[in-house]
Amino acid sequence: MELKEKTILIISSLAWGVSFPKRQHYARELAKVGNVVYFLNPASKNASITELSENLYVIDCKLNYGFAGLFGKSSETTQIKKILELVNYLIYRFNYIVYY
């Protein structure tokens, strides 16, 4: 399978720049061949999107109360529905989602 001209989201348990593991190498190489690559860092205290090079972006998301904090103090059922909507959005928006 050839990965060119795709939009790829890499979800990582290790933030960009902590070390240079293979997931960061993959991100750079995928961007070099024409894919648009978004590298999602673990939750942090800041929210930003940083362009590292052409076609390569690092996303920092701010979560005050863990993943459930995305949706405030709604019921668990409502939160689960919103999480599923978010997952469906990601699947629709990105050609490939990779979790490391």
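The paragraphs below lead through a predicted model, beginning with its nonpolar core and moving outward to its strands, aromatic pairs, backbone and charged side chains.

The largest nonpolar core has ten residues, namely Ile-8, Ile-10, Trp-16, Ala-27, Leu-30, Ala-31, Val-37, Phe-39, Leu-56 and Val-58. The elements that each contribute two or more residues to this core are E1, H1, E2 and E4, and helix H1 gives the most, with three residues.

Val-37, a core residue that belongs to strand E2, is a useful place from which to look around. With a relative accessibility of 0%, Val-37 counts as buried, because the limit for that class is under 20%. Once neighbours within four places in sequence are set aside, the residues in contact with Val-37 are Ile-8, Ile-10, Ala-27, Leu-30, Ala-31, Asn-55, Leu-56 and Tyr-57. One of these contacts can also be followed along the backbone, since Val-37 and Asn-55 are 18 residues apart in sequence, while their C-alpha atoms are 6.0 Å apart in space.

The strand pairing around E4 places these contacts in context. E2 and E4 run parallel and are joined by four bridges, and within this pairing Val-37 has Leu-56 of E4 as its bridge partner. E4 also pairs with E3, here in the antiparallel sense and over five bridges, and Ser-53 stands opposite Leu-56 in E4. Leu-56 is thus named in both places, as the partner of Val-37 and as the residue opposite Ser-53. Four of the five residues of E4 are buried, so the strand is largely enclosed by the rest of the structure.

The aromatic side chains come next, and the structure holds two aromatic pairs. In one of them, Trp-16 and Phe-39 meet edge-to-face, with 4.9 Å from centre to centre and 80° between the planes. Trp-16 lies in the loop between strand E1 (7-11) and helix H1 (22-32), whereas Phe-39 lies in strand E2 (residues 36-40), so this pair ties together parts that are 23 residues apart in sequence. Both partners are buried, Trp-16 at 17% relative accessibility and Phe-39 at 0%.

In the other pair, the ring centres of Tyr-38 and Tyr-57 are 5.2 Å apart and the planes are at 20°, so the arrangement is stacked. This pair, too, links distant parts of the chain, because Tyr-38 is in strand E2 and Tyr-57 in strand E4 (residues 56-60), 19 residues apart. Here the burial classes of the partners are not alike: Tyr-38 is buried at 15%, while Tyr-57, at 22%, counts as partly exposed.

Beside the edge-to-face pair there is a polar residue to consider, Gln-24, which lies in helix H1. At 1% relative accessibility Gln-24 counts as buried, and beyond residues up to four places away in sequence it touches Ala-15, Trp-16, Gly-17, Ser-19 and Phe-39. Trp-16 and Phe-39, the two partners of the edge-to-face pair, are therefore both among the contacts of Gln-24.

The backbone has two positions that deserve a closer look. Most residues other than glycine have a negative phi. Asn-55, however, has a positive phi near 75°, and its place is in the loop between strand E3 (48-53) and E4. That loop belongs to the hairpin of E3 and E4, which has two residues between the strands. Glu-5 is likewise not a glycine and has a positive phi of about 60°. Glu-5 is found in the segment before E1, where it is exposed, with a relative accessible area of 73%.

The last feature concerns charge. Side chains of opposite charge can pair when their charged atoms come close. The structure holds one salt bridge, in which the side chains of Glu-29 and Lys-32 meet at 3.3 Å, N to O. Both residues lie in helix H1, three residues apart, which is about one turn of the helix. Glu-29 is partly exposed, with a relative accessible area of 34%, whereas Lys-32 is exposed, at 64%. Helix H1 therefore carries this salt bridge, and it also gives three residues to the nonpolar core.

Technical notes. Residues are numbered from 1 along each chain as its sequence is written. This is a predicted model: local features need pLDDT of at least 70, side-chain atom pairs count only at pLDDT 80 or more; totals for chains, interfaces and linings use all residues. Side-chain values use heavy atoms; hydrogens and water are left out. Rings of Phe, Tyr and Trp (its six-membered ring) pair if their centres lie within 6.5 Å; planes under 30 degrees apart count as stacked, over 60 as edge-to-face and the rest as tilted. Buried means under 20% relative accessible area, exposed over 50%, partly exposed in between (1.4 Å probe, protein chains only). Contact means heavy atoms within 4.5 Å. A nonpolar core is a set of buried Ala, Val, Leu, Ile, Met, Phe, Trp, Tyr and Cys residues joined through side-chain atoms within 4.5 Å. Two strands pair if DSSP finds at least two bridges between them. A salt bridge is a side-chain nitrogen of Lys or Arg within 4 Å of a carboxyl oxygen of Asp or Glu.
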